[in-house]
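Student: I should like to take a close look at a single residue and its surroundings in this model. Could the account begin with the chain as a whole and then turn to that part?

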Amino acid sequence: MTQLMGPMEMASEHAPDFQARARVLQLGALQVWPMALQPMQFRRTVRLLRESASERYHISLVLSGALDVRQDGKHAVHGRHDLSVVDLSRPFDCRLIGGGHLAMIGVEIPKVLLPLPEQRVEKLLARRLPGKGGIGALLVGVITRLCGETDGYRPADGPRLGGVLIDLLSALLAHTLDAENVLPSETHRRTRALRIRAFIQRRLHDPGLTVSTIAAEHHISVSYLHRLFETEGVTVAAWIREQRLGRVRRDLADPALATTPIHEVANRWGFADPATFSRTFRSVYGISPKDYRRRHTQGGRPSPDHRELLRQGTASARLAR
């Protein structure tokens with residue numbers, strides 16, 4: 001914790017046999033570190049600040065237990081899925097409260113990367129930022145998924161994913177301050193695109209999900225919706241198709257669903273016409289849905305060989321077009 005946040009005074013009733021574990025994900029200039037530990041107190045004093053200054057913010061996401069935070073005369077207790085912001089260049093006092101091992105995720109972000117004036121962020125220090133709805137839920141979802149599924153990412157993805165976290169955090173802080181007008185237009189665009197993608201994923205089962213209905217739901221024009229996705233390198237229709245096919249492919253490889261008719265699986269994810277679905281699946285993956293299911297449910301799910309990886313790469317290219 002000293003290496004991650006700076007020199008601190010730390011204490012715990014469990015000091016004789018204190019147990020903790022942590023790992024660090026480097027996302028460009030951001031550090032994300034999931035941690036499980038026993039109840040403890042950690043604080044930065046004026047003396048320690050003189051030894052090591054840090055122009056960064058620390059964001060805490062509580063997953064279990066509670067976090068009592070005090071800074072600049074402000075005080076709040078944060079529960080599960082609450083977020084808090086601490087300025088590491090100022091004194092603070094934090095206490096992790098609860099029984100057993102407590103879980104939290106810390107995010108370290110340089111102040112210069114946050115597109116909000118420091119004097120405005122001051123108003124939110126130690127304040128409880130709920131993460132169970134709206135932008136807070138989006139941010140919590142991204143952070144927890146990043147920490148839980150690291151195998152699917154490459155080193156080159158780190159800076160991009162860090163940019164996503166910065167945009168979501170900026171949007172959450174601005175929303176809380178009711179000051180979205182101070183955000184750069186690029187942050188607005190990325191945040192809106194993330195909201196729309198989350199909406200689409202919730203509605204993949206609906207065959208009536210179209211570009212027009214998505215645009216109307218978000219009070220934007222169809223042309224603007226297309227521009228949002230063009231900058232992401234994919235069309236709206238292609239992204240919807242990619243998400244639906246991915247869900248179908250996952251279900252077809254699930255032995256627990258082996259007796260569910262293929263057309264029912266496809267219909268569950270928005271493919272109303274079986275023939276169209278079958279042609280689309282074969283054109284993208286180079287194999288029929290029936291053969292794909294047989295390959296992945298009989299005798300376990302084998303690791304993809306070189307040819308399968310090539311097919312998947314080709315499929316991604318087709319979807320992008």
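Tutor: Of the 321 residues of the protein chain, 45% count as buried, where buried means under 20% relative accessible area, exposed over 50% and partly exposed in between, with a 1.4 Å probe and protein chains only. This is a predicted model, in which local features need pLDDT of at least 70 and side-chain atom pairs count only at pLDDT 80 or more, whereas totals for chains, interfaces and linings use all residues. Residues are numbered from 1 along each chain as its sequence is written, and side-chain values use heavy atoms, with hydrogens and water left out.

The protein chain holds 13 helices and twelve strands; these are DSSP runs numbered from the N terminus, helices being H or I with at least four residues and strands E with at least two. About 16,300 Å² of the protein chain is exposed, and carbon and sulfur atoms supply 51% of that area, as computed by the Shrake-Rupley method with a 1.4 Å probe. Among contacts between residues at least 6 apart in sequence, 71% join residues at least 24 apart, a contact being heavy atoms within 4.5 Å.

The residue chosen for the close look is glutamine 38, which is found in the loop between strand 4 (30-37) and strand 5 (40-44). Is glutamine 38 buried or exposed? At 11% relative accessibility, glutamine 38 counts as buried. Leaving aside neighbours within four places in sequence, glutamine 38 is in contact with His14, Asp17, Phe18, Gln19, Gly100 and His101. For one of these residues, glutamine 19, the backbone nitrogen lies 2.8 Å from a polar atom of the glutamine 38 side chain. That distance falls under the heading of a polar contact, a pair of N or O atoms within 3.5 Å; within protein, one must be able to donate a hydrogen and the other to accept it, and residues adjacent in sequence count only if both atoms are side-chain atoms.

Serine 212 offers a second setting, being found in helix 7 (residues 211-217). At 48% relative accessibility, serine 212 counts as partly exposed. The C-alpha atoms of serine 212 and leucine 225 are separated by 9.1 Å, with the two residues 13 apart along the chain.

In helix 12 (residues 289-297), the buried residues are Pro289, Tyr292, Arg293, His296 and Thr297. They lie on the same side of helix 12, because they cover an arc of only 105° around the axis, taken from the directions from the helix axis to the C-beta atoms.
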